[in-house]
Amino acid sequence: PHSPILPESCLENGWVRVSKTLEVQQLCDTTSTPAASQSDAKPDGGESGESAQQTTTDQKPAVEKEEPDLVTTQSFGDGRIFAVGDAVQLDGAPIPKAIYWAEEMACVAACNISAKEGIGASWETERELQMSPNLVCCSLGPHDGLFTIGDNLVTTGPPAAVQKAVIEQTKMSSLRDEPLGRLIWELVH
């Protein structure tokens, strides 16, 4: 995969690189300069010579050593470009491809955009995506299902089917702006 909009420096193995605030990040090569080459010129702009070296005879001579190139990231687009959904990668690892994560990323990005623009409630500040255990509740029909946390199977059968139905009903209630549904899902996000 590739992005016709983002430069290659914002991608890692085809994924869009993001920070925990979901700002798109780009790589920056920071090549370190050996210590001796930083003092090759005198403050007046002239070349350094023997006289300049003689003034520092009590100091140990600088040892030139190759330091590895440091690769860092910085926000792309002055921190005003965000990415959410299946295409993002956080801290070198893809985020699980599930609706919960997409919805959570949307909440975090919307909050951060509001904070950057100075809109919304005054108490809202920048948020970070919190990686929690991967919760999956899967329906296997009207009376069967399974619920896992990470790699652990927690429950199966009718209890998991009821749990899935409760999730669906309360989420729809939240989207309809009903008080109970909003309360439950405000706690989740």
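Reader: Which residue in β2 stands opposite L11?

Author: V16 does. Keep in mind that this is a predicted model.

Reader: Noted. How many bridges join β1 to β2, and which way do the strands run?

Author: Two bridges join them, and the strands run antiparallel. Strand β1 covers residues 11-12 and strand β2 covers residues 15-18.

Reader: What do β1 and β2 form, and how many residues sit between them?

Author: They form a hairpin with two residues between the strands. In the turn, N13 has a positive phi of about 55°.

Reader: And β2 with β5, parallel or antiparallel?

Author: Parallel, over three bridges. Strand β5 is residues 88-90. As an example of the register, V18 has L90 in β5 as its bridge partner.

Reader: Moving on to the sheet with β7, β8 and β9. What is the strand order?

Author: The order is β7-β8-β9, in an open sheet of three strands with antiparallel pairing. The edge strands are β7 (135-139) and β9 (152-156), each of which pairs on one side only.

Reader: By how much are neighbouring strands turned against each other there?

Author: By 20° on average, with direction ignored.

Reader: How many bridges hold β8 and β9?

Author: Four, in the antiparallel sense, with β8 spanning residues 145-149. Within that pairing, L146 has T156 in β9 as its bridge partner.

Reader: Which helix packs on this sheet?

Author: Helix α3, residues 158-175. It touches β7, β8 and β9, and its direction makes about 90° with that of β9.

Reader: Switching to side chains. How many salt bridges does the structure hold?

Author: Eight. One of them is between R176 and E178, at 3.1 Å from N to O.

Reader: Are R176 and E178 buried or exposed?

Author: Neither label fits, because buried means under 20% relative accessible area and exposed means over 50%. R176 is partly exposed at 48%, and E178 is partly exposed at 32%.

Reader: What does R182 pair with?

Author: Its side chain meets that of D177 in a salt bridge at 3.0 Å, N to O. The side chain of R182 also meets that of E186, at 4.0 Å, N to O. Salt bridges that share partners therefore join D177, R182 and E186 into one network, a salt bridge being a side-chain nitrogen of Lys or Arg within 4 Å of a carboxyl oxygen of Asp or Glu.

Reader: Where do E186 and R182 lie?

Author: Both are in helix α4, residues 179-188. They are four residues apart, about one turn of the helix.

Reader: What are the relative accessible areas of those two?

Author: R182 is partly exposed, with a relative accessible area of 38%. E186 is exposed, at 53%.

Reader: Last topic, rings. How many aromatic pairs are there?

Author: Zero in this structure.

Reader: Which ring does the charged end of K171 sit over?

Author: The ring of W185. The charged end of K171 is 4.7 Å from the centre of that ring.

Definitions and conventions
Residues are numbered from 1 along each chain as its sequence is written. This is a predicted model: local features need pLDDT of at least 70, side-chain atom pairs count only at pLDDT 80 or more; totals for chains, interfaces and linings use all residues. Side-chain values use heavy atoms; hydrogens and water are left out. Rings of Phe, Tyr and Trp (its six-membered ring) pair if their centres lie within 6.5 Å; planes under 30 degrees apart count as stacked, over 60 as edge-to-face and the rest as tilted. A charge sits over a ring if NZ of Lys or CZ of Arg is within 6 Å of the ring centre and within 35 degrees of the ring normal. Buried means under 20% relative accessible area, exposed over 50%, partly exposed in between (1.4 Å probe, protein chains only). Two strands pair if DSSP finds at least two bridges between them. Axes are lines fitted to C-alpha atoms, for helices over the stretch in contact, and angles run from 0 to 180 degrees between N-to-C directions. Contact means heavy atoms within 4.5 Å.
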